[in-house]
Amino acid sequence: MPIKQSVCIPIFPQGTMSQDQLFAEIADIGYPAIEIWGRGDDFIGFCEAAAGHGLRVVSFSGHDSLPDGLNNPANHDRIAAELHESIDEAAANGVNGLICFSGNRIPGMCDEEAISNTAAGLRRAAPHAEARGVNLNLELLNSKVNHAGYQCDHSAWGLAVMQQVDSPNVKLLYDIYHMQIMEGDVIRTMTENLDAIGHVHTAGNPGRNELDDNQELNYRGICRALSGAGYAGYVGHEFHPRGDVVSALRQAFELCNV
């Protein structure tokens, strides 16, 4: 079964074409879905605009503040309320998953405590996510180049959280670009932990640009491995095109359509 692909809208240059034109081009290429980062007031209009082109929204941020996240228990009441609202919004609009964040490292807090805190925060929201059929996807990000201080920056850290939460609707957002920077070995890691992965992001490394021959990742091989292992989620393209946006999206779609 071919990999399901989506496009993360906010990372692409704004102003080069209208949103309506961009959605039309994305649909014409063959993509079935798009993603956003934010949450709140503009979400419904965004879903309606996407639906007008036969596209669905499959992911958005479940709670506020990437650097100030689930590893801090002082945030749990706020995040629980935000996730409850986002879960209902996602379920009402057919959205598969919500992005969640560990937050940045807290001085004096060891990894074990931070893992326990993050798991506790996700456990509070997990029953409602299970009841509404929405995944909470804890994102793996690199702390070396793009997100200095971010704590969930290795697969093992995120998998330890998954083990403690133990919910079928709490998974990892495995970002290939970020994990290539931090640890590499992306095919083995993903295929050996497929049940823990709810969503996948792409970008070329180094540079976070197109999935072309100027970067080091073999995305055709990666997507072929995911397909062969039975991955049923979406692979979302989250890169900065250096050239024409539509050409870059078409090239990525064709490369990963295996």
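The largest pocket in this predicted model has a volume of about 270 Å³, and the second largest holds about 190 Å³. A pocket here is an open set of points on a 1 Å grid over the protein atoms alone, where a 1.4 Å probe fits, with protein on both sides within 12 Å along at least five of seven lines; lining residues have an atom within 4 Å of a point. Volume is the space filled by probe spheres set on the points, which are joined across faces, edges and corners.

**The largest pocket**
- Of its 20 lining residues, Ile9, Pro10, Gln19, Ile36 and Phe46 are the closest to the centre.
- Helix H1 (19–29) and helix H2 (43–51) are the elements that give two or more residues to this lining; helices are DSSP runs of H or I with at least four residues, strands are E runs of at least two, and both are numbered from the N terminus.
- The lining splits into eleven nonpolar, seven polar and two charged residues. Ala, Val, Leu, Ile, Met, Phe, Trp, Tyr, Cys and Pro count as nonpolar, Asp, Glu, Lys and Arg as charged, and the others, Gly among them, as polar.

**The second largest pocket**
- Trp37, Leu66, Phe101, Glu139 and Glu238 sit closest to the centre, out of 14 lining residues.
- By class, you'll find five nonpolar, five polar and four charged residues here.

**The annotated pair**
- UniProt, in an unreviewed entry, puts the feature "active site" at Glu139 and Glu238; its positions follow the numbering used here, feature names are shortened, and annotations may be inferred rather than shown by experiment.
- The two span 100 residues in sequence, yet their C-alpha atoms are no more than 13.2 Å apart, so they gather at one spot.
- Both help line the second largest pocket.

**Glu139**
- Glu139 belongs to strand E6 (residues 135–139).
- With 5% relative accessibility, Glu139 is buried (under 20% relative accessible area; over 50% is exposed, in between is partly exposed; 1.4 Å probe, protein chains only).
- Beyond its neighbours within four places in sequence, Glu139 has contacts that include Phe101, Asp175, His201 and Glu238 (heavy atoms within 4.5 Å).

**Glu238**
- Glu238 sits in the loop between strand E9 (234–237) and helix H9 (245–256).
- Glu238 is buried too, at 3% relative accessible area.
- The side chains of Glu238 and Trp37 make a polar contact at 2.8 Å (a pair of N or O atoms within 3.5 Å; within protein, one must be able to donate a hydrogen and the other to accept it, and residues adjacent in sequence count only if both atoms are side-chain atoms).

**Ground rules**
- Residues are numbered from 1 along each chain as its sequence is written, and side-chain values use heavy atoms, leaving out hydrogens and water.
- Local features need pLDDT of at least 70 and side-chain atom pairs count only at pLDDT 80 or more, while totals for chains, interfaces and linings use all residues.
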